[in-house]
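Got the viewer open and a hand on the mouse? Let's take a walk through this one, a selection at a time.

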Amino acid sequence: MIRLSKSSLGKAEKNSVLKVLNKEFLGMGEEVKLFENQLSDFFNREVVCVVNGTSALHLALQAIGVGKGDEVLVQSVTYLSSYQAISATGAKPISCDININNISINLEDAKKKITSRTKAIMPVLYAGNPGNLFEVYKFAKKYNLTVVEDSAHAFGSVLNGKKIGSFGDISCFSFDGIKNITAGEGGCIVTNNKKILSHVRDARLLSVEKDSLLRVQNKRSWEFDVKFQGWRYHMSNIMAAIGIIQLRKIKKIKQKRYQLVKRYIKNLKNNENIKLFDFDYENIIQHIFPIRILKLDDREKLQKFFLKNKIQIGYHYFPNHKLTYYKKNKNYFLKNTNIIQDEVITLPLHLDLKNSDVDYVCYILKKWLNGN
Ligand SMILES: *Cc1c(COP(=O)(O)O)cnc(C)c1O
């Protein structure tokens with residue numbers, strides 16, 4: 001079976017975890033601090049590690065004061081995490097349409113949805129592609145909004161020579177098992193803002209003041225005060241042990257993913273039934289390989305056909321504004337989102353794929369398009 005996505009781990013990750021297990025200090029300690037420092041060198045900014053990407057988004061929003069009664073602009077085509085992180089604060093996710101060429105947030109639509117309660121905008125760097133991120137920052141400045149980037153797909157991507165996470169308000173990354181680099185689970189918040197850094201450092205450990213600092217010195221606060229709502233969102237040494245090794249492989253990971261993406265493009269361009277997205281392929285680390293099948297009428301049938309041929313395909317994503325929990329907000333009509341809902345599929349992309357696997361996936365897809 002050719003899997004849609006998977007983790008790829010070597011001996012070094014396994015040895016690194018074993019070392020932590022043997023030390024019998026599994027919680028947040030030395031390894032987490034080391035991983036944060038290495039990430040900090042990577043981004044040239046301070047970094048706070050947390051238990052996953054969803055909690056990174058949640059804490060980032062809380063740190064900028066988003067809460068009950070507030071609104072956050074977000075594209076409907078994203079992983080559910082973006083929405084859940086917003087609603088976890090008590091705020092409302094306000095569903096925006098996308099630009100069809102690269103699934104970035106559509107700012108014309110976003111503009112119409114600004115109210116006096118709008119506090120922030122959450123662009124999703126879909127597939128690892130920054131899309132219109134610079135325009136999002138201009139937009140945010142104009143309307144006095146904070147940008148919380150959902151960069152879960154975009155670890156290692158570069159825009160105009162700058163790494164995602166190295167500029168802007170706040171970037172949130174995920175290290176879940178199938179993301180560009182993994183820590184088993186995990187995530188991080190990257191920003192220059194000292195107040196936000198201090199807030200999320202405390203909030204990830206039940207808002208016990210300065211507990212983060214003590215724990216990495218193998219100490220903790222026994223008598224303390226708490227001034228705001230916190231969570232158990234810290235990263236463990238086991239996770240950091242994996243992340244530390246993965247980060248060292250980032251150049252190789254970029255090369256390999258780019259090689260596979262180029263192979264897909266070579267196979268699929270100039271096909272009248274297929275529309276490829278306008279991604280900045282050379283400068284991003286592509287997390288998934290989505291394509292549009294024009295006038296696709298039955299994704300499930302296509303999915304079954306692939307499975308019969310031992311290939312898993314995916315669908316990123318079902319529009320969040322159509323979920324029961326979120327559609328009560330307003331009954332939005334999002335034109336491009338609807339098109340994507342019908343036409344997008346995701347082809348396998350992970351580090352253990354070979355060029356011949358990509359060729360086979362494309363062969364099967366073309367077979368289906370030619371009427372099986
Ligand atoms: C993976 C992902 C997240 C959340 O990350 P977790 O580590 O799984 O919590 C958020 N947004 C998007 C778009 C993602 O793909």
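**First stop: a loop serine**

Select Ser 236, which sits in the loop between H8 and H9 (helices, H or I with at least four residues, and strands, E with at least two, are DSSP runs numbered from the N terminus). Before going on, some ground rules: what you see is a predicted model, where local features need pLDDT of at least 70 and side-chain atom pairs count only at pLDDT 80 or more, while totals for chains, interfaces and linings use all residues. Residues are numbered from 1 along each chain as its sequence is written, and side-chain values use heavy atoms, with hydrogens and water left out.

Is Ser 236 buried or exposed? Ser 236 is buried, because its relative accessible area is 17% (buried means under 20%, exposed over 50% and partly exposed in between, with a 1.4 Å probe and protein chains only). Now show what Ser 236 touches: leaving aside neighbours within four places in sequence, its contacts are Leu 26, Gly 27, Met 28 and Val 32 (contact means heavy atoms within 4.5 Å).

**Next: two helix pairs**

Keep Val 32 on screen and colour H2, residues 30-43, and H9, residues 237-248. Their axes come within 8 Å and cross at roughly 30° (axes are lines fitted to C-alpha atoms, for helices over the stretch in contact, and angles run from 0 to 180 degrees between N-to-C directions). The crossing of these two, H2 and H9, is left-handed (that is, the near helix is turned anticlockwise from the far one by less than a right angle; clockwise would be right-handed). On the H2 side, pick out Glu 30, Glu 31, Val 32, Leu 34, Phe 35, Gln 38, Leu 39 and Phe 42; on the H9 side, Asn 237, Ala 240, Gly 243, Ile 244 and Leu 247. Colour this H2 and H9 contact by residue type and you get eight nonpolar, three polar and two charged (Ala, Val, Leu, Ile, Met, Phe, Trp, Tyr, Cys and Pro count as nonpolar, Asp, Glu, Lys and Arg as charged, and the others, Gly among them, as polar).

Now swap to H3, residues 53-63, and H4, residues 80-88. Here the axes are 8 Å apart and the packing angle is about 35°. Which way does H3 pass H4? H3 makes a right-handed crossing with H4. Thr 54, Leu 57, His 58 and Leu 61 of H3 meet Ser 81, Ser 82, Ala 85, Ile 86 and Ala 88 of H4. That contact of H3 with H4 splits into five nonpolar, four polar and no charged residues.

**Then: the ligand**

Stay with Thr 54 and switch on the ligand. The ligand has 14 residues around it, and Gly 53, Thr 54, Asp 150, Ser 174 and Lys 179 come nearest (a residue is near if one of its heavy atoms lies within 4 Å). Try these distances:

- Thr 54: a side-chain N or O atom is 2.5 Å from a ligand oxygen.
- Ser 174: a side-chain N or O atom is 2.7 Å from an oxygen atom of the ligand.
- Asp 176: a polar side-chain atom lies 3.3 Å from a ligand oxygen.

**Over to two aspartates**

Select Asp 97, in the loop between strand S3 (92-96) and strand S4 (98-99). Asp 97 counts as buried because its relative accessible area is 7%. A polar atom of its side chain lies 3.2 Å from the backbone nitrogen of Lys 335 and 3.0 Å from that of Asn 336. Among the residues in contact with Asp 97 is Asp 109, so hop there.

Asp 109 belongs to helix H5 (residues 107-112). Asp 109 is buried too, at 12% relative accessibility. Its side chain makes a polar contact with the side chain of Lys 113, at 2.8 Å (a polar contact is a pair of N or O atoms within 3.5 Å; within protein, one must be able to donate a hydrogen and the other to accept it, and residues adjacent in sequence count only if both atoms are side-chain atoms).

**Last stop: backbone oddities**

Zoom in on Ala 127, in the loop between strand S6 (118-122) and helix H6 (133-142). Ala 127 has a positive phi of about 65° although it is not a glycine, and it is buried, with a relative accessible area of 0%.

Leu 206, in the loop between helix H7 (194-203) and helix H8 (211-215), also isn't a glycine, and its phi is positive at about 60°. Leu 206 is partly exposed, with a relative accessible area of 42%.

Finish at His 316 and Tyr 317, joined by a cis peptide bond with omega about 10°. Tyr 317 lies in the loop between helix H11 (299-308) and helix H12 (324-327).
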